[in-house]
Amino acid sequence: MKVRVRFAPSPTGPLHIGGVRTALYNYLFAKQHGGDMLLRIEDTDSNRFVPGAENYIIEALQWLGIGIDEGVGVGGPHAPYRQSERKHLYRQYVDQLLDAGLAYIAFDTPAELDGKRAEIPNFQYDARTRGDMCNSLTLPAEEVKARIDRGDQYVVRIKIEPDESITVNDLIRGEVTINSSILDDKVLFKSADGLPTYHLANVVDDYLMEITHVIRGEEWLPSAPLHVILYRYLGWSDRMPRFAHLPLLLKPDGNGKLSKRDGDRLGFPVFPLNWKDPKSGETSSGYREAGYFPEAVVNFLALLGWNPGTDEEILSMQQLIEQFNLEKVSKSGARFDYEKGKWFNHKYLQMKSDEEVADLFQHILVEKGIIEDSQKVTRIVSLVKERANFITDLWEQSSFFFQAPAAYDEKTVQKRWKADSPAQMQELADVLAGIDDFSPEHTEEVVKAWIESKGYGLGAVMNAFRLSVVGAAKGPHMFDITAILGKEETIARLKRAVETLG
RNA sequence: GGCCCUUUCGUCUAUCGGCUAGGACAUGAGAUUUUCAUUCUCAGAAGAGGGGUUCGAUUCCCCUAGGGGCUACCA
């Protein structure tokens, strides 16, 4: 049977990085088995619908290279893939359960239920309590009919038989068995908007869409037995998908799972793309805008909770697809380690050619109003690339190639600008003026010969030289810098430093 | 509170009964260097605790403790 998996997010906001990992694992599993990856939008909660969230999800998956074979945005034989548009499909299954006596109608209002919960500790709507509630099991049939005809609001609840062993076979955790008495009679069909709840919609759609493997977050493990019962009640046990519940992503520090606030608090993105909340107008930062390569994010996320069992850590999407294995997914939650994420990006940046990096860097230069030919930018990139984690770091590492220092780093001035520095730099400017071949090798030879002949300290001269040209104690080899800047600019900077620093 | 899942270095993890417990990130030290980085080398750093099973337990079982999740007419 062809493997078919689905990623089924709720459009309640930007896709969380944990959701991205769930999507990625689904994708890796599907592609490894030559199967299909579906995208289904689970928008059965009309109250929590957020405009723009669906497009965000699609764009994020695209950016990351997580391809969708079927679903929202691409269509397919089981369309529509948005649950709000499948509304008409669910009612018949609810009726089927009702007719079979496997579900019942309940009239209790939310307020009445709240009352019960306040009154009875650990109240649960189940086999023990449903006899005391207002439903089609306790009311005479005529009254139920009368209430419905009158237009009373009602929900449909599943009727869980108590004291049965329910086993969920999980690909990551093995067999998980619970007693059905701990389950409650979950609402299958809501009165408020006439839509099914997640549980029903999910099971019906997975069945209709011929899903073979349900790979989702661990937060669904407690309701998995309910889903198993639903498959049984609907007569679909033989086509029930295999389950795999993924460990959650945890906060880098402290307790609990990773949340949006952690990103703000610790200063790193928890979303793939920037997101502007349509209501509050506040913006949350994304990995793309923070300068990450999608390959780095994918690689980093793939290894958070899974590893191939080898020492290899840099893995392309293709390698991940080949090596991925659900059974090797860890069982416990993984703390999110942003530092390692940066390291992955550094690695991917180093793997790119200077030309490619220069092209990307050009966008930043253009934004700053700097127009420079690509050959020169490529040369600069080759000198500073290894110092950068992100394309955006390149500017900090190389701005002095494009702009003369506007100020001189104070600490460096104190440490490197000595009493005889002005005279030496003035002298150095004259020496440089006499050089015709300004290549790094030749310039270095001449300058070093001059330093030696004068008996100056090599370090003292070079440090002051660097300060004058760069403005700080940083940067690549001095003569690589001067070669790119050219004779005129180098001399001009030396003279300015002498004037400014005195 | 109840229920379920889980537990190896600070972090992500390897080990599927034989271990001097391996790798990576981070940290520290050293080397290289005209600066800052990079790079390289080295170092420190772990099997939650207690019971079993076994010739032998990190590995299997039980208990306790810690962590996580769920407990809505949300997903």
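Reader: Let's start with helix H5 (residues 141-150): how many of its 10 residues are buried?

Author: Happy to begin there, and keep in mind that this is a predicted model. The general idea is that an α-helix has 3.6 residues a turn, so residues three or four places apart point the same way. In H5 the number of buried residues is 1, so the helix lies largely in the open. Just after H5 comes Gly151, with a positive phi near 95°.

Reader: Which residues other than glycine have a positive phi here?

Author: The background first: most residues other than glycine have a negative phi, and most peptide bonds are trans. Two cases to look at are Asp163, with phi near 60°, and Glu210, with phi of about 55°. Asp163 sits in the loop between S5 and S6. Glu210 belongs to the loop between helix H6 (198-208) and strand S9 (213-217).

Reader: Are Asp163 and Glu210 buried or exposed?

Author: Count the other C-beta atoms within 10 Å: a residue is buried at 20 or more and exposed at 12 or fewer. Asp163 has 8 of them, so Asp163 is exposed. Glu210 has 15, so Glu210 is partly exposed.

Reader: And where is a peptide bond cis?

Author: Look at the bond from Ala79 to Pro80, where omega is near 0°. Pro80 is in the loop between strand S3 (70-71) and helix H3 (87-99).

Reader: Now the strands. Which residues of strand S2 are buried on each side?

Author: The general idea is a simple one: in a regular strand the side chains alternate between the two faces of the sheet. In strand S2 (residues 36-39), Asp36 and Leu38 are buried on one side, and Met37 and Leu39 are buried on the other. Both faces of S2 are therefore covered, as all of these residues are buried. Strand S1 (residues 4-7) runs parallel to S2, joined to it by 4 bridges. Within that pairing, Arg6 stands opposite Leu38.

Reader: How many residues of strand S7 are buried?

Author: Of the 6 residues of S7, the number buried is 0, so S7 lies largely in the open. The partner of S7 is strand S6 (residues 165-170), which runs antiparallel to S7 with 6 bridges between them. S6 and S7 make a hairpin with 3 residues between the strands. For a pair to find on screen, Ile166 stands opposite Ile178 in S7.

Reader: What is the order of strands in the open sheet of 3 strands?

Author: The order is S4-S5-S8, and the pairing is antiparallel. Strand S4 (103-106) and strand S8 (187-189) are the edges, each pairing on one side only. From one strand to the next, the twist averages 45°. S8 pairs with strand S5 (residues 155-158) over 2 bridges, and Arg157 stands opposite Val187 in S8.

Reader: What about a single loop residue: is Ile41 buried or exposed?

Author: Ile41 has 23 C-beta neighbours inside 10 Å, so Ile41 counts as buried. The residue is in the loop between S2 and helix H2 (53-64). Setting aside neighbours within four places in sequence, the contacts of Ile41 are with Pro9, Pro11, Glu54, Val72, Tyr81, Arg82 and Gln83.

Reader: Which residues come nearest to RNA strand B?

Author: Among the 63 residues around RNA strand B, the nearest are Ser10, Asn255, Ser332, Met462 and Ala473. Several elements each supply at least two residues of that surface, including helix H4 (110-119), S7 (174-179) and helix H11 (338-351). H18 gives the most, with 5 residues. By class, the surface has 23 nonpolar, 20 polar and 20 charged residues.

Reader: To finish, why is chain A described as more spread out than a compact globule?

Author: Let's build up to it. Chain A has 20 helices and 14 strands. Its radius of gyration is 32 Å, well over the 23 Å that the globule rule gives for 502 residues, so chain A is more spread out than a compact globule. The C-alpha atoms fill a box of roughly 110 × 45 × 35 Å along the principal axes. Of the 502 residues, 35% count as buried. As for contacts with a separation of 6 or more, 74% are between residues 24 or more positions apart.

How values were computed: Residues are numbered from 1 along each chain as its sequence is written. Chains are lettered from A and ligands numbered from 1 in the order in which they are written. This is a predicted model: local features need pLDDT of at least 70, side-chain atom pairs count only at pLDDT 80 or more; totals for chains, interfaces and linings use all residues. The radius of gyration is taken over C-alpha atoms; the globule rule is 2.2 Å times the number of residues to the power 0.38. Two residues are in contact if their C-beta atoms, placed from the backbone, lie within 7 Å. A residue is near a molecule or strand if its C-beta atom, placed from the backbone, lies within 6 Å of it. Ala, Val, Leu, Ile, Met, Phe, Trp, Tyr, Cys and Pro count as nonpolar, Asp, Glu, Lys and Arg as charged, and the others, Gly among them, as polar. Two strands pair if DSSP finds at least two bridges between them. Axes are lines fitted to C-alpha atoms, for helices over the stretch in contact, and angles run from 0 to 180 degrees between N-to-C directions.
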